[in-house]
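Colleague: I would like to go through this model with you, starting from the contacts between side chains and working towards the fold. Please keep the answers short.

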Amino acid sequence: MTVQREPLRRSLDVLGDVFYVYDERGKLVVWNDRLNDLFGLADDQLSEMTPVDFFLPADRPTVERAVAEIFDAGETVVEARAETTKGLIRFELSGHLLTDAAGDVIGFAGVGRDVTERREQERRLAAQNERLE
């Protein structure tokens, strides 16, 4: 089966979520257009950024621990907040270790999903339930 890169790239670009690949040094090497749109940055500005570069200072230690967990355990899911062109967004970030055919680590890939509204609804529901009690 021949892999056609252009349809794959276009498929990633239409996602509402951010798709990213970091190399073994933790530097950004592949991403979809959603990342450019949300952070208002061009490709040359995004290239080589680290995961913590995107997030609020208060959430950076959480992101650092999540990256370490990927390299230690092979995967992670964590939430972190970032100031974007759409305002403050809470992301659910997944990460999965990438290895080559020989099993050597070449980096990690993942998805950043906007869970801001879902978390706000959960907060409102919890407050409503508390009032009802």
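**Salt bridges, sheet and core**

Modeller: The side chains of E79 and R119 form a salt bridge, with 2.3 Å from N to O. This is a predicted model, and side-chain atom pairs count only at pLDDT 80 or more.

Colleague: Which elements hold E79 and R119, and how many residues apart in sequence are the parts that the pair ties together?

Modeller: E79 belongs to strand 3 and R119 to helix 5. E79 has a relative accessible area of 23%, and R119 has 25% relative accessibility. Buried would require under 20%, so E79 counts as partly exposed, and R119 is partly exposed as well. The pair joins strand 3 to helix 5, parts of the chain whose separation in sequence is 40 residues.

Colleague: What stands opposite E79 in strand 4?

Modeller: Strand 3 and strand 4 run antiparallel and are joined by 10 bridges. They form a hairpin with 2 residues between them. In this pairing, the residue of strand 4 opposite E79 is E92.

Colleague: In what order do the strands of the open sheet lie, and which strands stand at its edges?

Modeller: The sheet has 5 strands with antiparallel pairing, in the order 2-1-5-4-3. The strands at the two ends of that order each have a single partner, so one side of each lacks a neighbour in the sheet. On average, neighbouring strands are turned by 30 degrees against each other, direction ignored. The edge strands are strand 2 (28–31) and strand 3 (75–84).

Colleague: Over how many bridges do strand 4 and strand 5 pair, and which residue in their hairpin takes a positive phi?

Modeller: Strand 4 covers residues 87–99 and strand 5 residues 105–114, and their antiparallel pairing runs over 9 bridges. Within this pairing L98 stands opposite G107, and S94 stands opposite V111. The hairpin has 5 residues between the strands, and the residue with a positive phi, near 90 degrees, is G103.

Colleague: Which strands does helix 5 lie across, and at what angle does helix 5 run to strand 4?

Modeller: Helix 5 spans residues 116–132. It lies across strand 3, strand 4 and strand 5, and its angle to strand 4 is about 120 degrees.

Colleague: Which residues touch the most other members of the largest nonpolar core, and which element gives the most to this core?

Modeller: The core has 24 residues, and L28, L35, F54, F55, F91 and L93 touch the most other members. Two or more residues come from each of strand 1, strand 2, helix 2 (33–39), helix 4, strand 3 and strand 4. With 4 residues, the element that gives the most is helix 4.

Colleague: What does L28 touch, leaving out residues up to four places away in sequence?

Modeller: Contact here means heavy atoms within 4.5 Å. By that cut-off the partners of L28 include Y20, V21 and Y22. The others are L35, L46, S47, E48, M49 and F54.

Colleague: Why does the pair of Y22 and F108 count as stacked, and which aromatic cluster includes both residues?

Modeller: The ring centres of Y22 and F108 are 5.0 Å apart and their planes stand at 20 degrees, so the pair is stacked. Y22 is buried because its relative accessibility is 5%, and F108 is buried because its value is 2%. Y22 lies in strand 1 and F108 in strand 5, so the pair ties together parts 86 residues apart in sequence. The cluster consists of Y20, Y22, F71 and F108.

Colleague: How many salt bridges are there in the count, and which residues are linked with R9 in a network?

Modeller: The count comes to 9 salt bridges. One of them joins R9 to D33, with the closest N and O atoms 3.5 Å apart. R9 lies in helix 1 (residues 5–13) and D33 in helix 2, so this pair ties together parts 24 residues apart in sequence. The residues linked with R9 in the network are D13 and D33.

Colleague: With which residue does E48 form a salt bridge?

Modeller: E48 lies in the loop between helix 3 (43–46) and helix 4, and its partner lies in the loop between strand 1 and strand 2, 23 residues apart. The closest N and O atoms are 3.2 Å apart, and the partner is R25.

How values were computed:
Residues numbered from 1 in each chain as written. Predicted model: local features only at pLDDT ≥ 70, side-chain atom pairs only at ≥ 80, totals over all residues. Heavy atoms only, no water. Pairing = 2+ DSSP bridges. Axes fitted to C-alpha atoms, helices over the stretch in contact; angles between N-to-C directions. Core = buried A, V, L, I, M, F, W, Y, C linked by side-chain atoms within 4.5 Å. Buried < 20%, exposed > 50% of the residue type's maximum accessible area, 1.4 Å probe, protein only. Phe/Tyr/Trp six-rings, centres within 6.5 Å; stacked < 30°, edge-to-face > 60°. Salt bridge = Lys/Arg side-chain N within 4 Å of Asp/Glu carboxyl O.
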